[in-house]
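Please look through the following structure with an eye to how its helices pack, how its aromatic rings pair and where its buried histidines sit. The paragraphs below take these topics in turn.

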Amino acid sequence: MRREKGAMCTPVLQFTNCRILRGRKLLREDLWVRGGRILDPERLFFEERLVADEQRDCGGCILAPGFIDVQINGGFGVDFSQATEDVGSGVALVARRLLPHGVTSFCPTLVTSPPEVYHKEEGVGWDACLRYLCHVLPQIPVKSGGPHGAGVLGVHLEGPFISREKRGAHPEAHLRSFEANAFHDVLATYGPLDNVRIVTLAPELGRSHEVIQALTARGICVSLGHSVANLRAAEEAVQSGATFITHLFNAMLPFHHRDPGIVGLLTSDRLPPGRHIFYGMISDGMHTNPAALRIAHRAHPQGLVLVTDAVPALGLGNGRHTLGQQEVEVDGLTAYVAGTKTLSGSIAPMDVCIRHFLQATAGDEDSKQADGLEPRVTGTEATAPKRRAFTPYEPWPGACGIAGLGRLQCRVGPGGCVSAPRPAAGTGEAQGDPGLWG
């Protein structure tokens with residue numbers, strides 16, 4: 001069959017011997033892709049009169065969108081919260097090393113740090129600038145993924161506007177509040193927010209509602225975490241625009257039947273009409289008991305977002321490593337602030353977290369589905385996939401991620417929207433961001 005010039009010159013790739021989720025069932029079907037779009041094979045053959053230019057045998061693996069990690073502090077020796085002369089090369093290394101774990105886009109996460117780490121602070125002397133040769137935020141732009149590595153969706157700033165009581169592994173000396181000048185204090189700390197997608201803060205801090213409204217107005221997702229907020233304060237934060245919860249159950253008040261705190265947002269009836277709350281969970285076998293995973297998932301399965309909260313020690317093994325201004329000690333499967341028993345993030349990659357989650361929720365019907373990874377995270381809305389867990393599968397050589405639909409996996413749209421593609425109605429096509437096939 002002849003191929004027309006122009007758009008039709010783009011090669012058609014056919015994946016064979018693969019399993020695809022359709023109608024809540026895994027079916028053995030082929031998949032046709034062209035230029036980052038899933039094709040309707042009937043239209044391809046009968047209307048365009050074309051066949052595939054290339055075929056790839058998936059060996060019976062599941063073909064699925066790539067994973068998105070919206071909270072990862074570093075990995076493979078790279079610390080996103082350390083100011084260096086070339087932060088970009090470290091981010092690129094992590095992006096490359098994440099692909100074999102199925103992650104095709106991520107939000108580099110900075111923990112509580114001095115303002116000089118985020119940006120050049122006015123009035124800071126030259127000596128201080130020498131200590132932080134380059135400031136971090138300007139060096140982590142939004143970037144499309146590809147065979148070179150996972151895409152960067154924007155930075156997640158976790159702290160310093162958090163609770164002292166629930167600071168976890170965040171250094172107390174650098175915690176801040178915005179009671180004096182509200183959003184101006186935020187800008188004074190972070191500098192320009194051009195590359196920022198998520199900010200974690202404690203909603204009980206004074207003037208937090210002004211800050212939440214200002215951040216969401218700029219298309220930035222506000223996440224509640226490291227907090228001693230009660231349920232009322234959490235609900236008011238959501239009414240102001242917050243849409244996410246940072247690592248549910250960790251670094252917040254425990255659930256209590258008279259005041260469930262932030263955890264109560266999962267079943268609250270005081271959220272604005274049409275507003276949905278989403279929550280990250282660290283399913284590494286250390287941070288969250290399997291029973292807690294099941295409780296959260298059964299209470300609000302549509303809101304569950306698995307995150308790694310991985311630290312720079314990811315992939316390195318036992319020993320001492322950094323996490324921003326802190327020293328971390330890895331012992332087996334656990335990372336602690338050195339000299340303490342305070343957990344300081346995870347050393348489990350995303351595919352391990354997903355398998356652990358599936359084991360924990362094996363009796364939950366929804367957990368067996370893999371209906372596309374589609375979190376849309378913006379300042380005013382966050383939409384998670386209908387089913388958050390994924391069926392484990394074996395790595396597929398040559399695939400972008402673990403047999404993921406590399407370049408179909410995600411994009412950053414208008415207003416800072418982070419989304420994965422879904423088939424367009426009646427066409428079988430997905431609006432993908434080009435450039436991610438491995």
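**Aromatic pairs, a helix packing and two histidines**

Tyr118 is buried, with a relative accessible area of 0%. This is a predicted model, and the description that follows is to be read as an account of that prediction. The ring of Tyr118 pairs with that of Tyr190 in an edge-to-face arrangement, with 5.1 Å from centre to centre and 85 degrees between the planes. Because Tyr118 belongs to helix H3 (residues 115–118) and Tyr190 to helix H5 (residues 183–190), the pair ties together parts that are 72 residues apart in sequence. Tyr190 likewise counts as buried, at 0% relative accessibility, and the two tyrosines form one aromatic cluster together with Phe161 and Phe178.

The structure holds 5 aromatic pairs. Another of them is formed by Phe80 and Phe106, whose rings are stacked, 6.4 Å centre to centre and with 25 degrees between the planes. Since Phe80 lies in the loop between strand E7 (78–79) and helix H2 (87–98), whereas Phe106 lies in strand E8 (residues 103–110), this pair ties together parts that are 26 residues apart in sequence. Both partners are withdrawn from the surface: Phe80 is buried with a relative accessible area of 1%, and Phe106 is buried with a relative accessible area of 0%.

Turning to the helices, two packed helices are described by the angle between their axes and the distance between the axes. For helix H6 (residues 208–217) and helix H7 (residues 231–240), the angle is about 35 degrees and the axes are 9 Å apart, and H6 passes H7 in a right-handed crossing. The residues that meet are His209, Ile212, Gln213 and Thr216 from H6, and Ala233, Glu236, Ala237 and Ser240 from H7. Sorted by class, this contact comprises 3 nonpolar, 4 polar and 1 charged residues.

H7 is mostly covered, with 7 of its 10 residues buried, namely Leu231, Ala233, Ala234, Glu235, Ala237, Val238 and Ser240. The cover over these buried residues includes H6 and also strand E12 (221–224). At the start of H7, a side-chain oxygen of Asn230 reaches to within 3.3 Å of the backbone nitrogen of Arg232, while just after the helix Gly241 takes a positive phi of about 135 degrees.

The loop between E12 and H7 contains His226, which counts as buried at 4% relative accessibility. A polar atom of the His226 side chain lies 3.4 Å from the backbone oxygen of Arg167. Leaving aside residues up to four places away in sequence, His226 touches a set of residues that includes Glu158, Ile162, Lys166, Arg167, His170, Ala202 and His247.

A second buried histidine, His156, lies in strand E10 (residues 155–158) and counts as buried at 1% relative accessibility. Its side chain has polar partners of two kinds: the backbone oxygen of Val70 lies 2.9 Å from a polar atom of the His156 side chain, and the side chain of Thr200 makes a polar contact with the His156 side chain at 2.7 Å. Val70 and Thr200 are also among the residues that His156 touches when those up to four places away in sequence are not counted, as are Gln71, Cys107, Pro108, Thr109, Leu110, Ile198 and Thr246.

Technical notes:
Residues are numbered from 1 along each chain as its sequence is written. This is a predicted model: local features need pLDDT of at least 70, side-chain atom pairs count only at pLDDT 80 or more; totals for chains, interfaces and linings use all residues. Side-chain values use heavy atoms; hydrogens and water are left out. Axes are lines fitted to C-alpha atoms, for helices over the stretch in contact, and angles run from 0 to 180 degrees between N-to-C directions. Helices (H or I, at least four residues) and strands (E, at least two) are DSSP runs, numbered from the N terminus. A crossing is left-handed if the near helix is turned anticlockwise from the far one by less than a right angle, and right-handed if clockwise. Contact means heavy atoms within 4.5 Å. Ala, Val, Leu, Ile, Met, Phe, Trp, Tyr, Cys and Pro count as nonpolar, Asp, Glu, Lys and Arg as charged, and the others, Gly among them, as polar. Buried means under 20% relative accessible area, exposed over 50%, partly exposed in between (1.4 Å probe, protein chains only). A polar contact is a pair of N or O atoms within 3.5 Å; within protein, one must be able to donate a hydrogen and the other to accept it, and residues adjacent in sequence count only if both atoms are side-chain atoms. Rings of Phe, Tyr and Trp (its six-membered ring) pair if their centres lie within 6.5 Å; planes under 30 degrees apart count as stacked, over 60 as edge-to-face and the rest as tilted.
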